[in-house]
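Take a moment to look over the chain before reading on, and try to follow its path from one end to the other. The paragraphs below then lead through it step by step.

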Amino acid sequence: MSTPVSTDLTQATLKRQPDIQLPGGMCGINDLAVVSPDMLLVSNQGNQCVQLLDCLKGEVVSEVKLQATPWKICLTDRNTAAVQVGGRKIQMIKVKDNTLTKDRELTVSKDVYGLTSSRNSLVVAYSSQPWLEVISMDGKVLHQLGKSGKSQHFKYPDFMCTTPGGSVFISDRGTHTITKVDAQLNVLQTFTSPLLEGLRGITAVTEDEILVCSNSNHSLVQLQPSTNTMTTLLGEDDGIKDPYSLTYCPDQKKVYVATSFYTDTIKVYQVS
């Protein structure tokens with residue numbers, strides 16, 4: 001994966017491109033992840049699989065069937081993805097030569113809400129209490145936040161993303177806030193705004209540019225942590241309706257958005 005360069009989206013134009021329609025009928029996109037400039041991983045709940053999508057051709061070039069519904073998905077390195085499956089399972093998937101294959105599986109202690117990776121570890125948000133853990137790739141617990149006693153930080157931690165520097169941002173659709181933590185789960189900042197109503201997907205463009213789905217406002221919002229500034233970048237007039245998950249490709253400078261988790265359509269926006 002390439003390291004994103006500085007890109008102030010508030011000063012850029014986001015031009016809508018043709019939608020990508022997932023083939024095969026029944027599907028529902030829970031999450032997205034960029035594998036390479038033209039390849040996306042798609043967590044497809046309707047077909048209960050993870051798919052590798054060629055964005056240029058609009059074709060699924062590989063897929064792996066799973067035993068339960070796939071939800072959150074993230075890359076742990078160039079050739080490996082982690083996928084939340086069902087409640088307490090995290091399935092590792094290898095990505096090589098445009099082919100997906102199952103790897104090892106981790107079982108965690110509670111049902112998973114959110115999932116991302118940071119510094120060769122997994123960051124997991126659980127539904128119970130709720131609370132966060134950093135776990136190693138073999139399942140060892142390294143750090144925790146909010147497990148002992150009632151958590152004061154989260155109500156419904158959902159989507160998470162990691163910046164190039166290793167900071168983690170958590171969208172909480174219960175409190176309509178975004179929390180920034182470091183790799184050891186120390187809370188660094190908390191952000192709130194009416195623009196963040198109905199939080200869903202979140203992705204990092206750069207260290208200081210975070211894109212967020214505001215489901216209730218039917219918009220994509222940019223958060224700049226250094227100045228605590230939030231700006232609406234795209235709205236209903238741009239084709240954004242019930243945005244659910246998204247990801248950013250730094251090589252192509254494209255934003256990919258799935259609107260509602262039962263959709264079979266990915267909306268594409270070119271940054272220029």
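**Walking through the strands**

In this predicted model, the hairpin formed by strand 20 and strand 21 has four residues between its strands, and N228 takes a positive phi near 55 degrees there. The two strands of this hairpin run antiparallel and are joined by five bridges, and Q224 stands opposite T229 in strand 21.

On its other side in sequence, strand 20 is paired with strand 19 (residues 209–214), again antiparallel and again through five bridges. L211 has Q222 of strand 20 as its bridge partner. The hairpin of strand 19 and strand 20 also has four residues between the strands, and here H218 takes a positive phi near 50 degrees.

How many of the six residues of strand 20 are buried? Six of the six residues, 219–224, are buried, so strand 20 is largely enclosed by the rest of the structure. To see how its residues are arranged, recall that in a regular strand the side chains alternate between the two faces of the sheet. In strand 20, S219, V221 and L223 point one way, while L220, Q222 and Q224 point the other way, and all of them are buried.

Another part of the chain holds the largest nonpolar core, which has 16 residues, and V35, L41, V50 and L100 are those with the most contacts inside it. Several strands give two or more residues to this core, among them strand 2 (29–36), strand 3 (39–44) and strand 4 (49–54). The largest share, three residues, comes from strand 7. If its neighbours within four places in sequence are left aside, L100 is in contact with a set of residues that includes L41, V50, L52, V64 and I93.

Strand 7 is also where Q84 is found. Is Q84 buried or exposed? Its relative accessibility is 3%, and because buried means under 20%, Q84 counts as buried. Leaving aside its neighbours within four places in sequence, Q84 is in contact with T69, P70, W71, K72, K89, V112, Y113 and L115.

Finally, it is worth asking how confident the prediction is. The protein chain averages a pLDDT of 91, and 95% of the residues score at least 70. Among the elements of the chain, strand 20 has the highest mean pLDDT, 97, and strand 13 (residues 141–145) the lowest, 93. Over residues 1–5, however, the pLDDT is below 50, although this stretch has eleven contacts in the model beyond near neighbours in sequence. Where pLDDT is low, the predicted coordinates should not be read in detail.

Conventions: Residues are numbered from 1 along each chain as its sequence is written. This is a predicted model: local features need pLDDT of at least 70, side-chain atom pairs count only at pLDDT 80 or more; totals for chains, interfaces and linings use all residues. Side-chain values use heavy atoms; hydrogens and water are left out. A nonpolar core is a set of buried Ala, Val, Leu, Ile, Met, Phe, Trp, Tyr and Cys residues joined through side-chain atoms within 4.5 Å. Buried means under 20% relative accessible area, exposed over 50%, partly exposed in between (1.4 Å probe, protein chains only). Contact means heavy atoms within 4.5 Å. Two strands pair if DSSP finds at least two bridges between them. pLDDT is the predictor's confidence in each residue, from 0 to 100.
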